[in-house]
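Got a minute to walk through this one? Let's take it as a handful of quick questions and answers.

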Amino acid sequence: METLKEKTAKGLFWGGMNNGVQQLLGLAFGIILGRLLDPSDYGMTAMLAVFAVVANELQASGFKTGLINLKAPTHQDYNAVFWFNILAGAVIYVVLFFCAPLIADYYHQPKLIPLSRYMFLGFVFSSFGIAQSAYMTKQMQIKQIAKCGMTATLLSSLISVILAALDFGYWALATQYLMYIVINTILLWYFSPWRPTYLSPLTSHLSPLKKLFPFSFKIMVSAIFTQLNNQIMNLLLGHYYGDTNTGHYNQAYQWSSKGYLLVGNMMKQVDQTVLVGLHDEHERQLTVLRKMMRFTAFIAFPLLFGLGLVSHEFIVLAIGEKWAFSASLLPYLCLCGAFMPLSTLLTDAIISHQRSDIYLWSTMALGILQVILMVGLWREGIYTMVIAFTALNILWVFVWHFFTRRLMGYGLLAFLKDILPFALTAAGVMVVTGVVTEFTVDSLQFTDDYLKLWVLLISRIVIAALLYYAVMRLSGAVILKECIDFITKKKSA
């Protein structure tokens with residue numbers, strides 16, 4: 001019988017494996033696609049992303065989170081969610097199908113009409129896998145979920161590269177998005193033992209949704225605002241600055257998100273299930289949350305700060321000089337991204353206490369502030385908008401902490417003690433690495449600019465990694481020892 005610690009560690013391992021492989025595949029195929037496609041191609045799909053993700057949240061309606069937060073969901077609960085998601089997905093697609101001309105008119109881009117109708121099929125297909133995903137998450141089948149995600153990422157990326165090489169442009173990116181959902185859904189059905197049953201009459205069998213709805217509705221609205229918060233720049237830049245500038249921002253955003261999603265999604269695979277299971281053991285629940293917070297900070301800060309340090313070298317060498325403007329935006333988004341996994345963990349802790357109302361109103365407040373700020377600053381230029389976006393999202397981490405403190409007694413000093421050592425160490429390491437490598441490389445007086453960039457990139461990655469590890473080792477960081485012990489045990493096994 002596995003202990004909670006063993007289940008959590010295994011879930012984190014496979015969650016990390018899933019997200020790590022997906023992000024590495026995204027890195028490799030992102031480089032290929034970045035070289036084959038233009039900023040305007042990325043801008044076309046980025047302008048539609050906000051509509052696709054909001055529609056996806058509408059048809060999911062927060063019921064997956066609702067199921068995960070039930071202590072013992074029944075077959076009827078999963079069945080009702082399954083059929084509701086399919087019905088909702090079909091209805092929303094029909095509505096957006098006829099709204100496509102309005103979306104194209106907002107962006108002043110007629111080509112978005114057929115593209116949107118194609119991309120929006122994604123949330124119709126995803127509706128078939130939501131109940132399956134919830135069941136597997138509840139059963140802690142993280143290994144199987146990882147296999148689904150990794151396989152879907154690989155196959156959909158291969159298809160998109162082939163289409164991009166054949167000059168399909170933005171259709172390659174849209175197909176990648178669509179095929180990932182289709183393949184992932186098929187594999188969820190393959191690995192999950194749960195199967196839906198026929199509903200007759202429909203209304204009586206959907207009755208389990210009544211107990212889920214009050215909680216799930218707030219999750220749905222919160223998720224919609226979260227997606228709007230994440231996509232607000234694409235929405236406004238597409239309208240004010242056109243597809244090329246939107247593509248540059250989106251490229252920078254995608255690279256930063258690969259970093260913070262690697263950490264955030266790894267934690268999300270297990271945090272709610274574990275915290276809900278400890279709901280009646282308050283001291284133990286807080287201990288587990290703090291350990292998760294330290295692990296998140298230990299990984300997130302060096303990863304994102306490091307990406308920001310090498311942003312110019314990485315972007316120019318990986319996808320070309322044509323993306324140099326994206327490289328200049330990336331450090332700001334990496335700074336913001338370093339705090340995103342912390343927000344995810346805090347919000348999941350709030351939700352585990354059945355306080356979806358707090359999550360809802362706080363997310364709405366963040367979204368409203370963000371819209372007001374971005375609309376007010378768009379005339380100041382993209383840089384000002386990105387800096388403001390970054391500052392607001394970092395500050396909002398402390399809003400999430402305020403509510404976590406009220407619910408769980410997680411004090412501010414304890415929170416800062418959990419994250420600041422890793423944040424300050426990572427920042428200090430990056431500053432030292434940046435100064436030393438810049439001075440050293442400049443003194444060598446390279447005549448080949450690309451050789452200089454390669455030397456900078458490799459030396460900064462190696463030096464920063466070694467310095468961070470050395471500081472953590474010398475300071476006796478417990479989380480480092482636990483990570484090494486776990487990896488050593490996995491190898492022995």
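Contact here means heavy atoms within 4.5 Å. Keep in mind that this is a predicted model.

Q: Which residues in H19 do Val 397, Phe 398, His 401 and Arg 405 in H18 meet?
A: H18 covers residues 382-408 and H19 covers residues 412-444. The H18 side of the meeting is Val 397, Phe 398, His 401 and Arg 405. Their partners in H19 are Leu 412, Phe 415 and Leu 416.

Q: Is H18 parallel or oblique to H19?
A: The two axes come within 10 Å and cross at roughly 130 degrees. Roughly antiparallel would need an angle over 145, and roughly perpendicular runs from 65 to 115. The crossing of H18 and H19 is right-handed, and the angle makes H18 oblique to H19.

Q: Which helix gives the largest share of the largest nonpolar core?
A: That core has 122 residues, and Met 233, Tyr 249 and Phe 301 have the most contacts inside it. The largest share of the core is 15 residues, and they come from residues 324-352, helix H16.

Q: How many residues are in the second, separate core?
A: Its members include Ile 86, Ala 131, Ala 134 and Leu 212. The count for this core is 13 residues.

Q: Is Cys 148 buried or exposed?
A: Buried means under 20% relative accessible area. Cys 99, at 25%, is partly exposed. Cys 148 sits at 0% relative accessibility, so Cys 148 counts as buried.

Q: How many disulfides does a search of the whole structure find?
A: A pair of cysteine sulfur atoms has to be within 2.5 Å to count. Searching the whole structure gives a disulfide total of zero.

Conventions
Residues numbered from 1 in each chain as written. Predicted model: local features only at pLDDT ≥ 70, side-chain atom pairs only at ≥ 80, totals over all residues. Heavy atoms only, no water. Buried < 20%, exposed > 50% of the residue type's maximum accessible area, 1.4 Å probe, protein only. Core = buried A, V, L, I, M, F, W, Y, C linked by side-chain atoms within 4.5 Å. Helix = DSSP H or I, 4+ residues; strand = E, 2+ residues; numbered from the N terminus. Axes fitted to C-alpha atoms, helices over the stretch in contact; angles between N-to-C directions. Parallel < 35°, antiparallel > 145°, perpendicular 65-115°, else oblique. Left-handed = near helix turned anticlockwise from the far one by under 90°.
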